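Reader: I'd like to go through this one with you and ask how the labels are earned. Can you show it to me?

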Amino acid sequence: MSNYRHHSGGGYCGIEIRDMHPRISQNFTYVSSCVKYMIFMLNFIFWLFGGLLLGIGFYAFMDKWESTGWVRLETVYDVILNISLVMMIAGIVIFVVSFAGCLGALRENTCLLKFYSMCLLLFFLLEMAIAIMGFVFPQNMNSFLEDKFTDKIIHSYRDDPDLQNFIDFAQKEFKCCGLSNVGYQDWSKNEYFNCSSPSVEKCGVPYSCCINATDISSGLVNIMCGYGLQEHSVAAASKRIWTSGCIEIVRVWAERNLYAIAGIALGIALIQLFVIYLAKTLEGQIELQKSRWSA
């Protein structure tokens with residue numbers, strides 16, 4: 001916008017033009033420091049978490065390697081059920097993606113920011129797909145988990161100490177035994193608990209299935225509390241052990257806590273979308289600043 005003023009007199013007649021556009025300072029930048037350092041700090045925290053997860057997973061993997069002398073990785077199920085390896089993979093993914101976010105924000109690199117936002121979007125879509133499958137088709141999800149993982153997990157119970165500890169924790173926490181709808185009878189598929197096994201544990205179940213595995217007076221865990229219970233009927237076995245499979249128990253627990261789970265999932269989704277928005281905003285600001293420099 002310009003201001004025009006007419007001058008006359010003294011042999012001079014003309015128009016003075018005043019430019020009303022404020023000149024942009026050479027130090028002006030379109031890049032918001034608030035957005036830039038918010039992305040950096042958020043990703044720095046996750047970068048540290050990813051490194052910690054990777055370190056713990058690597059330590060657990062090496063400890064297992066030294067104690068057993070081997071780690072079976074023949075199929076994709078062996079990878080999924082190897083908790084230390086899953087921790088390492090998750091740690092590497094979090095470490096790399098958050099590092100891209102940190103460096104992209106700090107160095108104002110649009111390529112890294114695009115990679116970062118695309119990874120977050122991919123994670124978001126994957127989480128939404130799993131959530132929809134779990135809430136809309138719970139029976140199908142149950143059947144899939146029972147068909148694909150029951151035999152593998154039961155067979156690997158004694159082969160992988162980390163998996164064994166995880167199964168014991170889940171059975172004690174959710175008060176269940178086995179995985180599928182046959183419940184405690186799942187343990188007949190394990191070579192140590194099978195009734196044809198020469199082991200003293202034959203026809204038994206892990207101590208974590210027991211209702212009262214810990215002796216009240218001594219405080220010691222009775223690891224023999226589940227011996228021979230596969231030969232008992234459900235009514236008789238239910239007096240000493242939990243008889244329902246864990247997959248069904250977890251499904252029922254999820255249905256009872258549906259609103260809490262949905263609220264947490266929604267909160268995580270909104271945070272992810274907000275961070276994606278911040279990354280795309282910073283990317284746009286950087287592009288605008290570059291266009292100003294090239295003009």
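Reader: What makes up the accessible surface of the protein?

Author: Carbon and sulfur atoms hold 66% of about 18500 Å², with areas from the Shrake-Rupley method and a 1.4 Å probe. This is a predicted model, where local features need pLDDT of at least 70, side-chain atom pairs count only at pLDDT 80 or more, and totals for chains, interfaces and linings use all residues. Residues are numbered from 1 along each chain as its sequence is written, and side-chain values use heavy atoms, leaving out hydrogens and water.

Reader: How many of the 295 residues count as buried?

Author: 32% of them do; the bar is under 20% relative accessible area, with a 1.4 Å probe and protein chains only.

Reader: Which helices and strands are there?

Author: Nine helices and two strands, being DSSP runs of H or I (at least four residues) or E (at least two). Along the sequence, the pattern is β-β-α-α-α-α-α-α-α-α-α.

Reader: Why is helix 3 called oblique to helix 4?

Author: Helix 3 (residues 83-106) packs on helix 4 (residues 110-136) at about 140°, axes 8 Å apart. Under 35 degrees is roughly parallel, over 145 roughly antiparallel, 65 to 115 roughly perpendicular, and the rest oblique, so helix 3 is oblique to helix 4.

Reader: What meets what between helix 3 and helix 4?

Author: With contact meaning heavy atoms within 4.5 Å, helix 3 residues including Val93, Val97 and Gly101 meet helix 4 residues, among them Leu112, Tyr116 and Phe123. By class, that contact has twelve nonpolar, two polar and no charged residues. Ala, Val, Leu, Ile, Met, Phe, Trp, Tyr, Cys and Pro count as nonpolar, Asp, Glu, Lys and Arg as charged, and the others, Gly among them, as polar.

Terms used:
Axes fitted to C-alpha atoms, helices over the stretch in contact; angles between N-to-C directions. Buried < 20%, exposed > 50% of the residue type's maximum accessible area, 1.4 Å probe, protein only.
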